[in-house]
Amino acid sequence: MQVQRVVLNSRPGKNGTPVPENFRLENSTLTADLEDGEVLVRTLYLSVDPYMRCRMNEDTGAGYLTPWLLSECVDGGGVGVVESSRCAGCTKGDVVTNFNWPWQTHAVMKGSLLQKVHPQLVDGHLSYFLGAVGITGLTALLGVREKGNVTKGANQTMVVSGAAGACGSIAGQIGRLDGCVRVVGISGSDEKCRALVEDLGFDAAINYRQEDIPARLKERCPQGIDVYFDNVGGDISDTVIKQMNTGGHVILCGQISQYNKDVPYPPPLSEEIQEALQSKNITRERFMVLNYMNKADSALCELSQWVKSGQIKVLESVVDGIENMGDAFCSMMKGGNTGKQIIKISE
């Protein structure tokens, strides 16, 4: 069987900005002769995510992430359909997902590593298994629940950076559902800010590229900030933390503004910000969703119900074709996506 795949062509360097040329599209041959326990899957959707930037380096800086190898097939979140099977747990036509799906049009995988998913959980929107009803949604929900200390009736204000991204767009809506009386998003364009307010129900949104962030935060958060869902780090996060209330909580989910720099994760804070955290008794603990997977099943059911009922609105940026994986990844790293960045590989 002839397939197409994407391999890592070169590394951007620890301090470099990824470019599409770091990836290479290849034709390859796949044997359809399966061994016991294997399945042949056709790829439907693939995902690109900020954490992948670390995998482009020889050393990811994280023990739970392995680096991509030069001239080897890249992998990440994927959804596909089983075309043939020699695994008792998988049958032809099953929709399956995996966190380490090869960037190929077809793949032979061990059936035991695949998770069977049911299309009715997402009303047939299978790409949602990579976003709102997948690891992204879990990150948003469990991040808010485990680190945000949101309490109904507590009159809390939440701020979300990277708010129009895959995780931030879900996290802000969950903050509202769980009890925050005010949710403010920070994003990088007027169009994204409009989507946050008009489509997702945020109370306000701030364009960090064009607006005075400290002044706008004071306007939009008149009672201060109690919960901060941090996806970006850097100067934006420093500004938010300075305006947080005593006893507030930072959900340290991501630091995308720092991923092209050779710094440890999470990046070190200035003495001023460390003093602000300490003097105001603000918690700031790193959140890793993989540490909470024992809660995944019930959380995914809750996310599914919210999505199907319309209580959570889903934003996606969809690109067609495996040949556009590198472009989609680099665009996502620069904020070119609204919601989850998805690449559609086949029908």
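**Exercise 1. Into which domains is the protein divided, and how far apart are their C-alpha centres?**

*Solution.* Start with the domain assignment, whose bounds come from an automatic or database source. It gives domain 1 (2-131 + 315-344) and domain 2 (135-290). Next, take the C-alpha centres of domain 1 and domain 2, which lie 28 Å apart. Finally, look at the contact, meaning heavy atoms within 4.5 Å: domain 1 gives 23 residues to it and domain 2 gives 19 residues.

Before going on, note that this is a predicted model, in which local features need pLDDT of at least 70 and side-chain atom pairs count only at pLDDT 80 or more, while totals for chains, interfaces and linings use all residues. Residues are numbered from 1 along each chain as its sequence is written, and side-chain values use heavy atoms, with hydrogens and water left out.

**Exercise 2. Find the largest nonpolar core and say which helix or strand supplies the largest share of this core.**

*Solution.* First, the terms. A nonpolar core is a set of buried Ala, Val, Leu, Ile, Met, Phe, Trp, Tyr and Cys residues joined through side-chain atoms within 4.5 Å. Buried means under 20% relative accessible area, exposed over 50%, and partly exposed in between, with a 1.4 Å probe and protein chains only. Helices (H or I, at least four residues) and strands (E, at least two) are DSSP runs, numbered from the N terminus.

Now the core: the largest one has 51 residues, and Leu126, Leu138, Val144, Met158, Ile174, Phe229 and Leu303 touch the most other members. Elements that each supply at least two residues include strand 3 (38-47), helix 2 (135-147) and helix 8 (296-309). The largest share, six residues, comes from helix 8. Domain 1 and domain 2 each provide at least three residues of this core. Apart from it lies another core, of 33 residues, among them Val82, Met109, Leu114 and Ile345.

As background, nonpolar side chains in soluble globular proteins tend to be buried together.

**Exercise 3. Which residues meet where helix 6 packs on helix 7?**

*Solution.* Begin with the geometry: helix 6 (residues 234-242) and helix 7 (residues 271-279) pack at an angle of about 35°, with their axes 10 Å apart. Here axes are lines fitted to C-alpha atoms, for helices over the stretch in contact, and angles run from 0 to 180 degrees between N-to-C directions. Then list the partners: Asp238, Ile241 and Lys242 in helix 6 meet Glu272, Ile273, Ala276 and Leu277 in helix 7.

**Exercise 4. Is Gly248 buried or exposed, and what does Gly248 touch?**

*Solution.* Locate Gly248 in strand 12 (residues 244-252). Its relative accessible area is 2%, so Gly248 is buried. Leaving out residues up to four places away in sequence, Gly248 touches Asp226, Asn281, Ile282 and Thr283.

**Exercise 5. How many residues of helix 9 are buried, and what covers them?**

*Solution.* Count along helix 9 (residues 325-333): seven of its nine residues are buried. They are Met325, Gly326, Ala328, Phe329, Cys330, Met332 and Met333. The cover includes strand 1 (2-8), strand 2 (23-29), strand 3, helix 1 (52-55) and strand 15 (340-344). Just after helix 9, Gly335 takes a positive phi of about 85°.

**Exercise 6. Where is Asn57 found, and is Asn57 buried or exposed?**

*Solution.* Asn57 sits in the loop between helix 1 and strand 4. With a relative accessible area of 10%, Asn57 is buried. Beyond its neighbours within four places in sequence, Asn57 is in contact with Arg11, Gly13, Lys14 and Pro67.
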